[in-house]
Amino acid sequence: MPLVLPRSTWIEPGARRRVAEEAARLDAARALLVTDAHLRAAGVADEVAGLLRDGGFAVEVFDEVEPDPSDATVDEGRARLVAHEADVVVAVGGGSVLDAAKAIAVRGANPGPLRDRQGYGRLSGAGLPVVALPTTAGTGSEATRVVVITDTATDTKMMLLDDRLVPAVALVDVELSATMPPALTAHVGVDTLTHGIEAYVSRRATPETDELAGSCVALCGAHLEAAWRDGRDLDARAGMARAAYEGGAAFSNSSVCLVHGMSRPLGALFHVPHGLSNAVLLPTVTAYSLPGAPARYADVARLLGVAAGGASDEAAGAALLDALEGLNARLEIPRLRDLRGMDRERFEAALPKMARDALDSGSPERNPVVPTAEEIEELYRRAW
Ligand SMILES: NC(=O)c1ccc[n+]([C@@H]2O[C@H](COP(=O)([O-])OP(=O)(O)OC[C@H]3O[C@@H](n4cnc5c(N)ncnc54)[C@H](O)[C@@H]3O)[C@@H](O)[C@H]2O)c1
Ligand SMILES: [Fe+2]
């Protein structure tokens with residue numbers, strides 16, 4: 001199967017300066033620039049708006065995207081798009097902004113409740129082209145046919161996957177993600193690593209996705225801790241920016257698995273940031289899944305650089321589990337029970353819904369070991 005990817009991708013320092021030229025190639029003249037209040041205040045969004053205006057574009061800025069964006073935000077953005085008569089959507093931000101922008105771009109051609117579009121290939125119309133400039137490294141949303149939008153009516157994070165959601169252009173500019181503070185760097189970096197691992201062990205992996213996923217995992221092994229330790233290390237930052245793109249490209253064409261399936265309910269119900277909720281689950285879920293694909297996980301350990309040369313698959317798998325625990329400890333990822341706002345009673349009461357929502361998302365079916373709802377509840381408890 002050919003890979004579904006952005007038509008045009010630039011991964012280089014200063015890639016943002018290509019924004020007007022790339023948007024013009026899409027026959028566009030009026031841009032809706034989607035971002036959030038923080039990136040607006042930091043000046044990044046306005047810099048990109050200025051580059052577009054210098055290139056002759058009429059620009060409207062929508063800066064109201066919140067973390068884990070909701071269906072209401074998508075509809076608000078859509079109204080701004082219509083009022084501005086935009087013909088291209090430019091997204092400057094993390095996964096939340098990129099996802100909101102991608103959903104805003106297809107909203108007009110896909111009326112009705114967004115929840116009816118949840119799942120695989122449920123869009124009926126194409127939208128406006130999207131130019132994506134990621135500022136975290138990251139979700140890889142700049143490369144994926146996926147958006148995750150919170151359904152305010154049911155408190156679930158809906159995943160929509162459709163070819164029409166792939167951005168037309170990805171501008172991966174390390175200078176945009178170099179401003180991330182250490183904790184954010186750690187959380188989004190483990191998200192990237194999880195994309196690489198899950199795309200690689202997924203039942204949907206292909207030789208083509210293996211190449212991208214393998215490179216993503218290797219780049220995380222080489223650069224994640226360095227980027228976290230010293231945010232000014234541009235070589236490490238660039239490695240992680242590329243890893244994020246490749247991880248997104250890999251899982252978008254393969255899949256994510258049980259970690260992501262279990263992570264979304266934590267985000268929806270307890271507002272744990274996406275990268276962090278993956279990170280707290282990754283060691284526990286990997287230990288559970290390893291017997292289903294020992295050779296694949298051994299490859300992951302070798303790619304990550306944590307298995308000794310000549311180690312057996314069994315030894316490499318054990319080294320991987322140690323490495324993931326150690327990585328979390330060094331990156332100061334807390335246990336689930338230590339997260340802000342976590343409460344054991346509420347957590348226990350929410351377990352049946354979380355397990356059901358995880359299964360409903362379809363991601364656990366792609367996992368090397370496919371769990372029952374009871375097993376998922378038990379895995380949440382183990383990660384506590
Ligand atoms: N579409 C996909 O393929 C995909 C994949 C994984 C996750 N997601 C979704 O993406 C969302 C999470 O995205 P995220 O982890 O990138 O975080 P985010 O976009 O929610 O941003 C988190 C915070 O970091 C700030 N921030 C962003 N860039 C910064 C920078 N360079 N310097 C300082 N602060 C910065 C933002 O303003 C925000 O306050 C979740 O909703 C998740 O479900 C989507
Ligand atoms: Fe993710």
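How many of the six residues of strand E4 (residues 88-93) are buried? The count is six of the six, so E4 is largely enclosed by the rest of the structure. This is a predicted model, and E4 is a convenient place to start reading it.

The two faces of E4 can be listed residue by residue. Val88, Val90 and Val92 point one way, while Val89, Ala91 and Gly93 point the other way, and all are buried. In a regular strand the side chains alternate between the two faces of the sheet. Val90 shows what one of these positions meets. Setting aside neighbours within four places in sequence, Val90 is in contact with Val19, Ala23, Ala31, Leu33, Val48, Leu52 and Val131.

E4 has strand partners that can be followed in turn. Strands of a sheet pair through backbone hydrogen bonds, either parallel or antiparallel. Strand E2 (residues 30-34) runs parallel to E4, and four bridges join them. In this pairing Ala31 stands opposite Val88 of E4. E4 also pairs with strand E6 (residues 130-134), again in the parallel sense, over five bridges. Here Val90 has Val131 of E6 as its bridge partner, and Val92 stands opposite Leu133 of E6.

E6 can be examined as E4 was. Five of the five residues of E6 are buried, so this strand too is largely enclosed by the rest of the structure. Val130, Ala132 and Pro134 lie on one side of E6 and Val131 and Leu133 on the other; both faces are covered. From E6 the path continues to E9, which runs parallel to E6 and is joined to it by two bridges. The bridge partner of Val131 in E9 is Val169. Val131 is thus a residue to follow across the strands, as it is also the bridge partner of Val90.

The nonpolar core comes next. The largest nonpolar core has 124 residues, and those touching the most other members are Val34, Val89, Val90 and Ala91. Helix H9 (residues 234-253) gives the most to this core, with ten residues. Domain 1 (8-177) and domain 2 (182-383) both give residues to the core, so it lies between them.

A separate group of strands makes an open sheet. Three strands form it in the order E5-E8-E7, with mixed pairing. Strand E5 (119-120) and E7 are the edge strands, each pairing on one side only. E7 and E8 run antiparallel and are joined by six bridges. Within that pairing, Val146 has Leu161 of E8 as its bridge partner.

How are the domains arranged? The domain assignment of the protein chain gives domain 1 (8-177) and domain 2 (182-383). Their centres, taken over C-alpha atoms, are separated by 25 Å. The contact between the domains takes 27 residues from domain 1 and 26 residues from domain 2. On the domain 1 side, strand E7 (146-151), strand E8 (156-161), strand E9 (169-172) and helix H6 (174-177) each supply at least two residues. E7 and E8 of the open sheet therefore belong to the side of domain 1 that touches domain 2, as does E9, the strand joined to E6. By class, this side of domain 1 has eleven nonpolar, eleven polar and five charged residues.

Where does ligand 1 lie with respect to the two domains? Domain 1 and domain 2 both give residues to the shell around ligand 1, so it lies between them. The shell has 32 residues, of which His38, Gly94, Gly95, Ser96 and Thr136 come nearest. Helix H2 (37-41), helix H5 (95-107), E7, H6, helix H7 (182-201) and helix H11 (274-289) each supply at least two residues of the shell. H5 gives the most, with four residues. By class, the shell has ten nonpolar, 17 polar and five charged residues.

Arg340 offers a contrast to the buried strands. This residue lies in the loop between helix H13 (313-330) and helix H14 (344-360). Is Arg340 buried or exposed? Arg340 counts as exposed because it has 8 C-beta neighbours inside 10 Å, and a residue is exposed if the count is 12 or fewer. Arg340 and Glu85 are 255 residues apart along the chain, and 42 Å separate their C-alpha atoms.

Note on methods:
Residues numbered from 1 in each chain as written. Chains lettered and ligands numbered in written order. Predicted model: local features only at pLDDT ≥ 70, side-chain atom pairs only at ≥ 80, totals over all residues. Domains from an automatic or database assignment. Contact = placed C-beta atoms within 7 Å. Nonpolar A, V, L, I, M, F, W, Y, C, P; charged D, E, K, R; others polar. Buried ≥ 20, exposed ≤ 12 C-beta atoms within 10 Å, placed from the backbone. Near = placed C-beta within 6 Å. Core = buried A, V, L, I, M, F, W, Y, C linked by C-beta atoms within 7 Å. Pairing = 2+ DSSP bridges.
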